[in-house]
Amino acid sequence: MDRKKSVTVYTDGSCNPLHRIGSWAAILLIDDKKLLLTGKDPDTTHQRMELTAVLKALEYVDDNHLLKQPVLLYTDSQYVINQQKRRAKLESKSYLTRSGQPIRNVDLVKKLIRYLDNPVIEFIKVAAHQKISESANVNREVDKIARRIIREHLH
């Protein structure tokens, strides 16, 4: 009997605004396995790193054929969560600002919106830096990893 795998994802992005150095991290819990994905960017923004963390995690899930079962994606990024609400307006305006320029992070926002169509992916907003539950501890862990990557890069 083939039981469905469970996929839980925690993501976070971080950026040092003074140096514009950013990093992202994602922890994927797939059945009883824990996988860490990380990366950094030498010239970026916090929002871009939040989006990148989510997209890298979802791309991993997709590439490994795990989008056939529910995927719970936890993020503390209001920017990521709000893309669903902004979707209709973004699409109606062809992802352009009032001045006719592409919105910030248009490349990543478009990629994220494609994943919003997948009914197995549930985006869950969590408060940043919680200390209460197991879920919050994984969220804190991914936050610490993203911030550590920047610190290590700066030293």
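Here is a friendly conversation about a predicted model, taken one question at a time.

Trainee: Which residues of the largest nonpolar core touch the most other members?

Mentor: Let's start in the middle of things. The largest nonpolar core has 31 residues. Those that touch the most other members are Val-9, Leu-28, Val-61, Val-71 and Val-109.

Trainee: And which element gives the largest share of this core?

Mentor: Several elements give two or more residues to the core: β1 (7-16), β2 (21-30), α1 (46-63), β4 (71-75), α2 (78-81) and α4. The largest share is eight residues, and the element they come from is α1.

Trainee: Is Val-109 buried or exposed?

Mentor: Val-109 has its place in helix α4. Buried means under 20% relative accessible area. The relative accessible area of Val-109 is 0%, so this residue is buried.

Trainee: What separates the C-alpha atoms of Val-109 and Leu-72?

Mentor: Along the chain, Val-109 and Leu-72 are 37 residues apart. In space, their C-alpha atoms are separated by 19 Å.

Trainee: Let's go to the surface. Which residues gather in the patch of positive charge?

Mentor: Helix α4 (residues 106-116) is a good place to look, as it gives three residues, the largest share of the positive patch. The residues that gather there are Lys-56, Lys-110, Lys-111 and Arg-114.

Trainee: What is the relative accessible area of Lys-110?

Mentor: Lys-110, one of the patch residues, is placed in helix α4. Partly exposed residues lie between the buried limit of 20% and the exposed limit of 50%. Lys-110 is partly exposed, and its relative accessible area is 38%.

Trainee: Does Tyr-115 count as buried or exposed, and what is its relative accessibility?

Mentor: Tyr-115 is also found in helix α4. The limit for a buried residue is under 20%. Tyr-115 therefore counts as buried, with a relative accessibility of 12%.

Trainee: What separates the C-alpha atoms of Tyr-115 and Asp-62?

Mentor: Tyr-115 and Asp-62 are 53 residues apart along the chain. Their C-alpha atoms are separated by 9.8 Å.

Trainee: How many salt bridges are there?

Mentor: One of them joins the side chains of Arg-20 and Asp-43, at 2.7 Å from N to O. Another joins Glu-141 and Lys-34, at 3.0 Å from N to O. The count of salt bridges comes to seven.

Trainee: Why does the pair of Arg-20 and Asp-43 tie together parts of the chain, and how many residues apart are they?

Mentor: The side chains of Arg-20 and Asp-43 meet in a salt bridge. Arg-20 lies in the loop between β1 and β2, while Asp-43 lies in the loop between β3 (33-41) and α1, so the pair ties together parts whose separation in sequence is 23 residues.

Trainee: Which parts of the chain are linked by Glu-141 and Lys-34?

Mentor: The side chains of Glu-141 and Lys-34 meet in a salt bridge. The two residues are 107 residues apart, so to speak of distant parts of the chain is fair. Glu-141 is in helix α5 (residues 134-154), and Lys-34 is in strand β3.

Trainee: Which residues are linked with Arg-87 in a network of salt bridges?

Mentor: Begin with the salt bridge between Glu-91 and Arg-87, at 3.1 Å from N to O. Both residues lie in helix α3, four residues apart, about one turn of the helix. Arg-87 counts as buried at 15% relative accessibility, whereas Glu-91 is partly exposed at 38%. The residues linked with Arg-87 in the network are Glu-91 and Asp-117.

Trainee: What is the phi of Tyr-95, and where is this residue?

Mentor: Most residues other than glycine have a negative phi. Ser-94 is not a glycine, yet has a positive phi of about 55 degrees. Tyr-95 has its place in the loop between α3 and α4. The phi of Tyr-95 is also positive, near 60 degrees.

Trainee: One last pair: how far apart in space are Lys-5 and Asp-31?

Mentor: Lys-5 has its place in the segment before β1, and Lys-5 is partly exposed, with a relative accessible area of 39%. Lys-5 and Asp-31 are 26 residues apart in sequence. In space, C-alpha to C-alpha, the distance is 5.8 Å.

Methods
Residues are numbered from 1 along each chain as its sequence is written. This is a predicted model: local features need pLDDT of at least 70, side-chain atom pairs count only at pLDDT 80 or more; totals for chains, interfaces and linings use all residues. Side-chain values use heavy atoms; hydrogens and water are left out. Patches are made of residues with over 30% relative accessible area and no salt bridge: like charges are joined within 9 Å, nonpolar side chains (Val, Leu, Ile, Met, Phe, Trp, Tyr) within 5 Å. Accessible areas come from the Shrake-Rupley method with a 1.4 Å probe; for residues, only the protein chains shown count as cover. A salt bridge is a side-chain nitrogen of Lys or Arg within 4 Å of a carboxyl oxygen of Asp or Glu. Lys and Arg count as positive and Asp and Glu as negative; His and the chain ends are not counted. The place of a charge is taken as NZ of Lys, CZ of Arg, CG of Asp or CD of Glu. Buried means under 20% relative accessible area, exposed over 50%, partly exposed in between (1.4 Å probe, protein chains only). A nonpolar core is a set of buried Ala, Val, Leu, Ile, Met, Phe, Trp, Tyr and Cys residues joined through side-chain atoms within 4.5 Å.
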